[in-house]
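Hi,

Here is the structure I said I'd pass on. Have a look at it first, and then my notes below should be easier to follow.

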Amino acid sequence: MAQTIAQLYAWLIEQIAEHDRAYYLEDSPLIADAQYDALYKELLDIERQHPHLITADSPSKKVGGYSNEVFSPVKHGSPMLSLNNALTEEELIAFDKRCRDGLELDEIEYACELKYDGLAISLLYENGLLTRAATRGDGTVGENVTDNIKTIKQIPHQLTGNHPDRIEIRGEVFMTHENFKKLNEDQRNLGDKEFANPRNAAAGSLRQLDSKVTSMRSLSFYAYGIGELSPSQWLPNSHAELMSRFDAMGLPISPDRLVAKGLKHVLGFFNQIKERREQLPFDIDGVVYKVNAYYLQNQLGYVSRAPRFAIAHKFPPEEAYTKVIAIEVQVGRTGAITPVARLEPVQVGGVVLTNATLHNEDEILRKDVRVGDTVIVRRAGDVIPEVVMVLKEHRIKGAAIFQMPTHCPICQSAIEKSTGEVIARCTGGLFCGAQKLQSILHFAHRRAMNIDGLGEKIVVQLIQENIIRNPADLYRLGLSALLTLNRMGEKLASNLLQAIDSSKQASLARLIFALGIRHVGETTAKDLAKYFGSMDKFIQAKDEDLLKVRDVGPVIVESIKHFLGQSHNVEVIEQLMACGINPIEKATSDQVVADFFNKTVVLTGTLPTLSRDEAKELLELAGAKVSGSVSSKTDFILAGDQAGSKLEKAQSLGIRIIEETEFLEMLKQPN
């Protein structure tokens, strides 16, 4: 058993060393951070349980990283240490307890900051002048990247204000999402290798031999710490005070900082940042906590590779590396064909992923994803998981290029792609089983016909049992048919039938939206309903009539005509009308107000008596279009209290601004 653990320990040392080389020297990681953290944690667990196995070359004895021989070496005045990680709340609680026990305090004040996913950098200023910049390297010796660092506009060449004679600023160089996207677009256009993520892009950009190349990469920097210092008396009492001094000296610091008292306050900051993570313009992978007072930091001290007074509380990973075991296509409600990668199961963001979208044929060919490939997959918040990049160096020989199928896998109808579009579509319409399910679910949606209780499981059973084939069949359902379904009781069936019957009172706008015509959303459906007034007139509309409807252009006209040009779709509409669903848009003539008809209005602020929804409904009944943003095409601003940037923009554009009282008076005016 001891031999087996020794072999595992030796293998872990070898693996971690290999991944360190790929990450720090080649800027091309072989595994995701979470997988690396898991290897490192396993090594630490072995060392705790079997200390006799610890060797001098153990990663736990090193700060981490490598120095590249291409750049001249720089010996740091004091080591640039790594941070220990807390991957769970329990590990953070244990860290806080160790600090409190070590300091004999009931509660500790922590400085909380973001953990940037970039490259650690040391900046040496002498008499306020930037004289040297170096990477962290192995923590003791880094790489001289002074010329490249000086191309980063945020980093001052000369400090301002009260600065010491000699100070080593430590911080992070990173790349924003916007600049990363632009860089990879440029790489593609040049036929060069794309970067896996912003961190690798930042590291690769900073290690350019030609500083002109670095200057074109638009890197960013935030300062967060200190190394060498002379005179030492310049140092303030706390980390928070140091950050304020950095700001006064002209150094860029993150606005997302907090001094938190106690664990509850700390966790509040963590959860707040976690919720905002997707809105940040750059990548972070957690939050860093440091005991704020320097005299308390000194009491706690250091272990071999990390301070005892600080920890990185990491988020669940958003990216991971896995293999593609198959590529299949899915059929959406509108017939859209979406390639999907079937993956070896991998945990990302606390969820086990087995599938990831490949978006469309052009995208899959651009990324060149093939079965058997090792890929990076990403899951961010509620966004559908996607394949970010292929690691082509791991591709198996003979892997075949993906070929889009020519026929729908569900109904065998032809798959076509219109000129100028990137999405291929099944031509089967409502005859396609996949489109049938999604079309009926869309039809019943609360924002369409609003059939409460008609969920996916029930619709799937109704289709599988061949009880319904299209939305019109819902209105022919009887109690006996519903009772044949699995887990369908009499009360539930009766409630569902009542909801279906009530949906017959839905407006014409809801019915048009419920049909699921491509490009016809809720707003366009309302405009069509107001203009035509009845389903009969809508079905019979000519192209020139459709083009008279507000915001309806050639693309929407083509989509409507294509939908109505399929006989089975018109047949479904006629069946719906035969079932008693034939609403008339009553607001067409008697509620339209000349001042608002075909005008664009933006709501902002809090109105005295009307809610936002009430005001929007009145405007739409009056014939106006309610927009969420101000532009030169905006006709009115309906403003209330605490109106902000929208009002300011409207004033700058000279747009007419009305208040609630004037608005209500205008509604009383005759057509």
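A definition before anything else: when I say that a helix lies across strands or touches them, contact means heavy atoms within 4.5 Å. Angles between elements are taken between their N-to-C directions, on a scale from 0 to 180 degrees. And please keep in mind that this is a predicted model.

With that in hand, helix α6 (residues 198–206) lies across β4 and β7 and runs at about 40° to β4. Helix α8 (residues 239–248) packs on the sheet too, where it touches β7 and β8, and its direction makes about 110° with that of β8.

The sheet under these helices is an open one of 4 strands, in the order β5-β4-β7-β8, and the pairing is antiparallel. Its edges are β5 (129–135) and β8 (220–230); each has a single partner strand, so one side of each has no neighbour in the sheet. From one strand to the next the twist averages 25°. In the middle of that order, β4 (residues 119–126) and β7 (residues 166–174) run antiparallel and are joined by 8 bridges. If you want one pair to click on, take Y125, whose bridge partner in β7 is I167.

One residue of the edge strand β8 is worth a stop: S220. Is S220 buried or exposed? Its relative accessible area is 11%, and the cut-off for buried is under 20%, so S220 counts as buried. Leaving aside neighbours within four places in sequence, S220 is in contact with I152, Q154, E172, V173, F174 and T176. For a sense of scale, S220 and K599 are 379 residues apart in sequence and 44 Å apart in space, C-alpha to C-alpha.

Now to a pair of helices further along. Two packed helices are described by the angle between their axes and the distance between the axes. For α12 (residues 433–444) and α13 (residues 456–464), the axes come within 10 Å and cross at roughly 135°. The two helices are therefore oblique to each other, and their crossing is right-handed. Which residues meet there? From α12 they are K436, L437, I440 and L441, and from α13 they are E456, V459, V460 and I463.

I440 also turns up in the contacts of N470, a residue in the loop between α13 and α14 (479–483). N470 counts as buried because its relative accessibility is 10%. A polar atom of the N470 side chain lies 2.9 Å from the backbone nitrogen of A472. Not counting residues up to four places away in sequence, N470 touches V572 and Q575 as well as I440.

Another loop residue to look at is D373, between α11 (361–367) and β15 (374–378). D373 has 0% relative accessibility and so counts as buried. A polar atom of its side chain sits 2.8 Å from the backbone nitrogen of R370. Beyond four places in sequence, D373 touches T322, K323, V324, D368, V390 and R395.

Last, the overall numbers. The protein chain has 25 helices and 22 strands, and its C-alpha trace spans about 85 × 65 × 55 Å along the principal axes. Of its 671 residues, 49% are buried. Among contacts between residues at least 6 apart in sequence, 67% join residues at least 24 apart.

Cheers

Key
Residues are numbered from 1 along each chain as its sequence is written. This is a predicted model: local features need pLDDT of at least 70, side-chain atom pairs count only at pLDDT 80 or more; totals for chains, interfaces and linings use all residues. Side-chain values use heavy atoms; hydrogens and water are left out. Two strands pair if DSSP finds at least two bridges between them. Buried means under 20% relative accessible area, exposed over 50%, partly exposed in between (1.4 Å probe, protein chains only). A polar contact is a pair of N or O atoms within 3.5 Å; within protein, one must be able to donate a hydrogen and the other to accept it, and residues adjacent in sequence count only if both atoms are side-chain atoms. Angles under 35 degrees count as roughly parallel, over 145 as roughly antiparallel, 65 to 115 as roughly perpendicular and the rest as oblique. A crossing is left-handed if the near helix is turned anticlockwise from the far one by less than a right angle, and right-handed if clockwise.
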